[in-house]
Structures are given as structure tokens and as C-alpha cells.
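Colleague: Please take one part of this model and go through it closely for me. I would like to hear about the strand pairing, and then whatever sits around it.

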Amino acid sequence: MPDAPTHPGPLLEDLPVRTSVEVVLLLASPEHHYFGRPRDGAPHPPSAALPRVDVVVGKGVVGDRFFGRAAHMDAAVTLMALEALQGVARDLGLPGAEQPGGGLDPRLPRRNVVLRGAPVDALVGADLALDCREAGGGVVRLAGRRPAAPCAWMDEVLAPGAHAALRGRGGLRCVPTSSGALVVGPAELRTAAPVDVAAAGTPVLRRGRLP
């Protein structure tokens, strides 16, 4: 892929609120790692973290297994808060719970982008952007569509009880509405309204469709 563009990137006038965050992990996983149910067999080794990923409008993350797949367009880019893992470790009483991410491997939930300092799970239905120009990347606009629900494999690969503990804080599924490069390092989260940074990693529980 070509180097990150030097032009200012997509217009952000409708997203005036700037929140300093950190991109701590980027993944573009070319294949599925969790097949069926945990009792059916072992997962594949986790994907390697990347220093940069390229995002294409309407298609997703270049090199990811869901790139350009029509069935996954409303979930083409997934975000997660690092603080969610720390909260899980704390709730489960795991050793190292006070470490960043609670000492848990942030690759294992298989989200494309893991952020520190962003209340990711509160952004369902919101337009947002990640501005990585300070770290040498670009700007990517996203439409937050729906929660990224954790799967039962989390009890196997993170810790027993992690599946339930991630409820309401498993991340956010997004549609990319502009193209650009995301890189690891300092970034700005751009939103239309202020966000509660202290709520990063706090479960956001929503009622289902049935009473």
C-alpha cells in the first residue's frame, strides 16, 4: 500500500470534539481463528499485531478476513477499549488486574483496533473519526453501528468467566465512511458531542428487542 496521504484527510467540521486517545493495537486477521464451539477444538494462534492498517471506505481493513464482504459491511471495522479487558480482569479477580489491559492479551478478542482512553461501547449509533496524523498515519471516519458481542471462546482464551464479564463492553462494529491509514500511537478521537473518558471499559447494557 502507498504511504499515508499528506492531504488533511476527510472533513471533520461536524465532529468538533477532540479527545486524546492511544491506538494500542491493530489487527488485520486474514482467517478465522475460532471455529464452532470451544469444545470442538483448539483455536488457531493469535494474529500478529501490526504497526499500521489501511482502511478502505465501504470495505474495511485491508488484509482482514471480512474485507469487502457484503455480509459484514455493517461490521467491517471493530473497535475495543483496552480498559474493558482491565475491567474483566478486575471483576474476575485475575492476577495482574491493575496492569494495562488487566494483563490479558488484547489480540485475543480479535478486534481490529484497540484504544486506550475511549468509551468505545457508548458510541453505538454515533459518527466518529480516528485521527492518527500525530503518529504519522491518516484520518478514518467511521459510523458506529452496533455492539461487538463477545463469543463463548473468551472463556477459553482469556479466562473462565470472561464471556459474561465482557457483556456490554465487547467493542463496537463500524462502517468506514472514509479511507485512510491507522497507526499505533497517540491519536485523537473526533466526535460530535463530548465523551466520558472515565467510562472507558464500563459496560453499556442495552435492552433487547423483547421485554
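## Strand pairing and its surroundings

Modeller: The chain has three helices and 10 strands. Keep in mind that this is a predicted model. From the N terminus, the elements run β-β-β-β-α-β-β-β-α-α-β-β-β. The strands form a barrel and an open sheet.

Take the barrel to begin with. It is closed and has seven strands. Their order is 1-5-4-8-7-6-10, and the pairing is mixed. Neighbouring strands in this sheet are turned by 40 degrees against each other on average, with direction ignored. As background, strands of a sheet pair through backbone hydrogen bonds, in either the parallel or the antiparallel sense.

Now look at strand 6, residues 127–131. In the barrel order, strand 6 stands between strand 7 and strand 10. Strand 7 covers residues 139–147. Strands 6 and 7 run antiparallel and are joined by five bridges. Two of the pairs can be named. Ala129 has Arg141 of strand 7 as its bridge partner. Asp131 is bridged to Val139 in strand 7.

On the other flank is strand 10, residues 185–191. Here too the pairing with strand 6 is antiparallel, over four bridges. Asp131 turns up again: its partner in strand 10 is Glu188. So what are the bridge partners of Asp131 in strand 7 and strand 10? They are Val139 in strand 7 and Glu188 in strand 10. Strand 6 is also mostly covered, with four of its five residues buried.

Next, the part of the barrel under helix 1. Helix 1 takes in residues 82–91. It lies across strand 1 (17–26), strand 4 (77–81) and strand 5 (113–116). Its angle to strand 4 is about 50 degrees.

Met80 is a good probe of this region. It belongs to strand 4. Its relative accessible area is 1%, which means that Met80 is buried. Leave out residues up to four places away in sequence, and Met80 still touches Leu85, Pro109, Arg111, Val113, Val114, Leu115, Val120, Leu166, Arg169, Gly170 and Gly171. One of these partners, Arg169, is 89 residues from Met80 in sequence. In space, the two C-alpha atoms are 7.8 Å apart. Across the chain, contacts of this long-range kind can be counted. Take the contacts between residues at least 6 apart in sequence: 76% of them join residues at least 24 apart.

The loop between helix 1 and strand 5 deserves a stop. Arg110 is found there. Its phi is positive, at about 70 degrees, although Arg110 is not a glycine. In general, most residues other than glycine have a negative phi. Is Arg110 buried or exposed? It counts as buried, because its relative accessibility is 9% and the cut-off is under 20%.

Asn112 lies in this loop between helix 1 and strand 5 as well. It counts as buried because its relative accessibility is 5%. Its side chain makes a polar contact with the side chain of Asp64, at 3.2 Å. With neighbours within four places in sequence set aside, Asn112 is in contact with Leu25, Leu26, Leu27, Val61, Asp64, Ala76, Val77 and Thr78.

One of those contacts, Val61, leads to the open sheet. There, three strands pair in the order 3-2-9, antiparallel. Strand 3 (60–61) and strand 9 (180–183) are the edges. Each has a single partner strand, so one side of each is left without a neighbour in the sheet. Strand 2, residues 52–56, pairs antiparallel with strand 3 over two bridges. In that pairing, Val55 has Val61 of strand 3 as its bridge partner.

A few checks on the whole chain remain. It has 211 residues, and 47% of them are buried. The exposed area is about 10,200 Å², and carbon and sulfur atoms supply 55% of it. The structure holds zero disulfides. Two cysteines have contrasting surroundings. Cys174 has a relative accessible area of 0%, so it is buried. Cys151 has 30%, so it is partly exposed.

Notes. Residues numbered from 1 in each chain as written. Predicted model: local features only at pLDDT ≥ 70, side-chain atom pairs only at ≥ 80, totals over all residues. Heavy atoms only, no water. Pairing = 2+ DSSP bridges. Axes fitted to C-alpha atoms, helices over the stretch in contact; angles between N-to-C directions. Contact = heavy atoms within 4.5 Å. Buried < 20%, exposed > 50% of the residue type's maximum accessible area, 1.4 Å probe, protein only. Areas by Shrake-Rupley, 256 points an atom, 1.4 Å probe, with all protein chains shown as cover. Polar contact = N/O pair within 3.5 Å; in protein donor to acceptor, adjacent residues only side chain to side chain. Disulfide = S-S within 2.5 Å.
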